[in-house]
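Q: Could you walk me through this one? I'd like to go over its internal spaces, a sheet and a pair of helices.

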Amino acid sequence: MSRPYDVAVVGAGPAGLSAAVQAAASGLRVALIDAAAQPGGQYWRHYDERRARSSAGGAAAGRRARADGAGHHGWGVFTALRGRLRSLRAAGLVDYLPGLQVYLATGPGPATGPSARARSGAGPGTGVFTLRTTPSAGTPGAGGPAVTAAALILCPGGYDRQLPVPGWDLPGVLTAGGAQALLKGHRTAAGRRAVVGGTGPFLLPVATGLARAGTDVAAVVEANATLGWLRDPAGALSAPAKGVEALQYAALLARHRIPYRTRTVISEIVGEDRVEAVRITRVDRDGRPHGPAEEIRADLVALGWGFTPSIELPLMLGAATREDVDGSLVVSVDAAQRSSVPGVWVAGEATGVGGAALAVQEGRLSALGVARALGRPADPAHVVRLRAAIVRGRRFAAAMHRTYPVPRAWTGWLRDSTLVCRCEEVSYGELRAAHDELGAADPRTLKMLARPGMGWCQGRVCGFATAGIAACLAGRDATADDLRPMATRPLAAPVTLGELAALADEEE
């Protein structure tokens, strides 16, 4: 680890995996760091490959491989990338470092070798970045290596965006992605009777996946009307394959007899020690409830309101950000995926949530950009094709976000007793009191006075909601300035005091 790499790629999901493979194929020395034990990210999450190999052979192994691919889109793309990664590792062109989280990114430091080459717009020998790592939860060992590189490609992905609702802290309530992760990674259905609610196309694979696993899916509860696609037909037609996917999911919903309720939200989750039922309510275009609530029995609730990009590392390095169409804070990049920080490229959901196919293309383009900055040749025609595909993918993503927005009036569903920050047990009533009685007019002040976002998750779950509540209490829409304080963190992952002490000793 002492000799700097040409490029360090963080994340082995669709963007990171494609970036690492493309960078190595371009002749760069690559480090691929990933928090998971195997490549694929959240999108291509699958059963533990080591367990599958050790417990089955021959035809049984083939059946397991087919089971891993069931319900996945683009599975062939993943297996091809995984195969290329294995070949490049065997050739010594990629060092794959699974089970490690990057908790601190610094740089550029002094150049220490021939690999510290030109970064975006900079001359040779201008310095290297340092990534400090720690073992992921569940990974044995203490401490992780420090990885240095002349350039970075950050592909940290994202996670389920959540909005609080009365009862969402009961056992049996999961994020939609959490329910799907149990299915993909462990082949386990989280409940016997489920309601899937929120907004966006992601609700469909979650519901149909649960149904295939034997769960009785009582309803998919979608807050918006799907006719929103008609407002941007050009965007909707920018990704024809997505239309085919939608038809496939419609057929699966019909096959499993799953009701699909539009302009409807889960307004309350009911139960004593765990989920027993949900109450659903019709809402208008802005999310204001109207009409009586309907109760549906369930022991599992899967909630998803889109995704929040993970941008701790780009923010740590000083990358510029902007508010995306879906209200997320994302990293600003140019047409080559370069961030505002020289030497740092960003790809995938951190630049705007747009799906796996788009993330793969952005990963490849970012790797070609790094290769060009480090003096390696890049096929101009390939770059042009990738950029055109990315433009189409972004157009489709914008149309999707406009069709499935977070309802503007969602805070009207809350009661004073509803928990907003579950780590610190901060209720909506406490946030209102901090605003009304203590003058907390923005998310940062709200955080300091009422403590949302100061617990174990550091605002990853409640940050978007807190920013939205602060803006609503102030009588305005949330902006990037509201989101930024809830997304910025001094450390990107939990780390032991011993590791921090060792870091301090190094610097003395």
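Q: Before the details, what kind of model is this?
A: This is a predicted model, and the values that follow were computed from it.

Q: OK, the second largest pocket then: what sort of residues make up its lining?
A: The lining divides into 13 nonpolar, seven polar and 11 charged residues, around a pocket with a volume of about 820 Å³. Of the 31 residues that line this pocket, the closest to its centre are Val406, Pro407, Arg408, Ala409 and Asp477.

Q: And which helix gives the most to that lining?
A: That is H14, with four residues; helix H14 covers 463-473, and helix H11 (380-403) likewise supplies at least two residues of the lining.

Q: Since you mention H11, at what angle do H10 and H11 cross?
A: The axes of helix H10 (residues 356-373) and H11 cross at roughly 145 degrees and come within 9 Å, and the crossing is left-handed. The contact draws on residues of H10 including Leu358, Leu365 and Leu368, and on residues of H11 including Val383, Leu386 and Ile390. Taken together, the residues of this contact divide into seven nonpolar, three polar and five charged.

Q: Switching to the sheet: what is the strand order?
A: It is an open sheet of five strands in the order S8-S15-S9-S10-S11, with parallel pairing.

Q: Why is one side of S8 and of S11 left without a neighbour in the sheet?
A: Strand S8 (173-175) and strand S11 (260-261) stand at the edges and each has a single partner strand, so one side of each is left without a neighbour in the sheet. S8 is joined to strand S15 (residues 300-304) by three bridges, and Thr175 stands opposite Leu303 in S15.

Q: Which helix lies across S8 and S15?
A: Helix H5 (residues 176-186) does, running at about 85 degrees to S8.

Q: Now the closed spaces: how many cavities of 30 Å³ or more does a search of the whole structure find?
A: The search finds two. The largest has a volume of about 190 Å³ and is lined by 20 residues, with Tyr159, Thr308, Phe464, Leu483 and Ala487 lying nearest its centre. Helix H15 gives the most to this lining, with three residues, and strand S16 (307-309) and H14 each give two or more.

Q: What about the second largest cavity, which residues line it?
A: Leu163, Val165, Ile266, Leu303, Trp305 and Trp413 line the second largest cavity, whose volume is about 40 Å³. Its lining divides into six nonpolar, no polar and no charged residues, while the lining of the largest cavity has nine nonpolar, seven polar and four charged.

Note on methods
Residues numbered from 1 in each chain as written. Predicted model: local features only at pLDDT ≥ 70, side-chain atom pairs only at ≥ 80, totals over all residues. Heavy atoms only, no water. 1 Å grid on protein atoms, 1.4 Å probe; cavity = no way out; pocket = protein on both sides within 12 Å on 5 of 7 lines; lining within 4 Å. Points joined across faces, edges and corners; volume = space filled by probe spheres on them. Nonpolar A, V, L, I, M, F, W, Y, C, P; charged D, E, K, R; others polar. Pairing = 2+ DSSP bridges. Contact = heavy atoms within 4.5 Å. Axes fitted to C-alpha atoms, helices over the stretch in contact; angles between N-to-C directions. Left-handed = near helix turned anticlockwise from the far one by under 90°.
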